[in-house]
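Q: I'm new to this structure and would love a guided close look at one part of it. Could you start with the whole and then zoom in?

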Amino acid sequence: MLLVSWNLAGRVKRLPEQAERLLELDADVLCLQELTRTTIPIWRDLLETAGYAGIAHGDLSTTTRTRPLAVLTATRSSLHAVLVDDVPWAERVLAVHMSDGTEVVNMHSPISPKPGLAKVRTHEAVHRHMANHPADHARLLCGDLNTPRKEHSDGTLWTFARDRYGRLRPERGERWDQAERALIRDLEPFGYRDAFRLLHPHDLNELSWEWARWGGGYRLDHLIVSPGVEVATCHYQHRWREDGLSDHSALIARLSRLGRQD
């Protein structure tokens, strides 16, 4: 199964080019982030025409101007949405079951400055959902998780609860630090793995988002896989970002042994 996860940056003028690049891959699963009220219907029409049988997206009909973005998931087979409890911004987290039983959770974490601890509460809610993992089907989490701040060559990481020297910021504290670690590290005791790091060493400093003017950036876009999922390939398509189609690189992975594990 070929899966692509990409933050589209809400682009309208570049949407036809984004779609052309994506559809050339003929992926089985597309997990897209940063869609808007304007772009959702366009993407739905394009993906339906391209033969995607299952399409679901976050609901923006009741959100405010401060919450203009949603996620969208498209699959070649049918799908149905499942509830992720206690997510503060429901349009940013979408869980679906595919026809083979595989669950795909598509997530776009709120950025740190958003009020009401939206980022912290989102990570905590998704962690609870992922940790409650049925043994009889595969589960994938992908998207723009907006963490970590820094990955070290020994495998340790710093979250955005810390400053550039690694010191815990008092106004954020331990809960914030733990919440950001929850999806990258604290699912490991449940058998989950970072698909990219399964195949690439920690001393490979890969960025999926980069400062346009100053260089440098972060690996914010991730794929986390449950036990029983085999990762054949996993890489970032940086050319799409370099061509200005988004400010994020796409994550592209080929997976196998999905669905019911007998």
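What is the radius of gyration of the protein, and what would a compact globule with 262 residues have? After that, please take me closely through helix H1: which of its residues are buried?

A: Happy to! One thing to keep in mind from the start is that this is a predicted model. The protein has a radius of gyration of 17 Å, and a compact globule with 262 residues would come near 18 Å, so the two agree. Along the principal axes, the C-alpha atoms fill a box of roughly 50 × 45 × 35 Å. Of the 262 residues, 54% are buried. The accessible surface is about 11,800 Å², and carbon and sulfur atoms contribute 49% of that. Looking at contacts with a separation of 6 or more, 64% are between residues 24 or more positions apart.

The secondary structure consists of six helices and 16 strands, and helix H1, the part you asked about, spans residues 15–25. Its buried residues are Leu15, Gln18, Ala19 and Leu22. These four cover an arc of only 95° around the axis, and that is why they lie on the same side of H1. The spacing fits a simple rule: an α-helix has 3.6 residues a turn, so residues three or four places apart point the same way.

Now turn to the other face of H1, the one directed away from the buried side: here you will find Pro16 and Glu24, which are exposed. What lies over the buried residues? The cover includes two strands, E1 (2–7) and E2 (29–35), together with two helices, H2 (39–49) and H6 (238–242). Just past the end of H1, Asp26 has a positive phi of about 55°.

For some context, let's step over to a sheet elsewhere in the protein. Six strands form an open sheet in the order E5-E6-E7-E8-E14-E11, and their pairing is mixed. Strands E5 (79–82) and E11 (193–194) are at the edges with a single partner strand each, so one side of each has no neighbour in the sheet. Strands E7 (residues 103–108) and E8 (residues 139–144) run parallel and are joined by six bridges. Within this pair, Val105 sits opposite Leu141 of E8. Another helix, H3 (residues 118–131), lies across E6 (93–98), E7 and E8, and runs at about 170° to E7.

Back at H1, then, the picture to keep is a helix with Leu15, Gln18, Ala19 and Leu22 buried, and with Pro16 and Glu24 exposed on the face turned away from them.

Conventions. Residues are numbered from 1 along each chain as its sequence is written. This is a predicted model: local features need pLDDT of at least 70, side-chain atom pairs count only at pLDDT 80 or more; totals for chains, interfaces and linings use all residues. Side-chain values use heavy atoms; hydrogens and water are left out. Two strands pair if DSSP finds at least two bridges between them. Contact means heavy atoms within 4.5 Å. Axes are lines fitted to C-alpha atoms, for helices over the stretch in contact, and angles run from 0 to 180 degrees between N-to-C directions. The radius of gyration is taken over C-alpha atoms; the globule rule is 2.2 Å times the number of residues to the power 0.38. Buried means under 20% relative accessible area, exposed over 50%, partly exposed in between (1.4 Å probe, protein chains only). Accessible areas come from the Shrake-Rupley method with a 1.4 Å probe; for residues, only the protein chains shown count as cover. The arc is that of the directions from the helix axis to the C-beta atoms.
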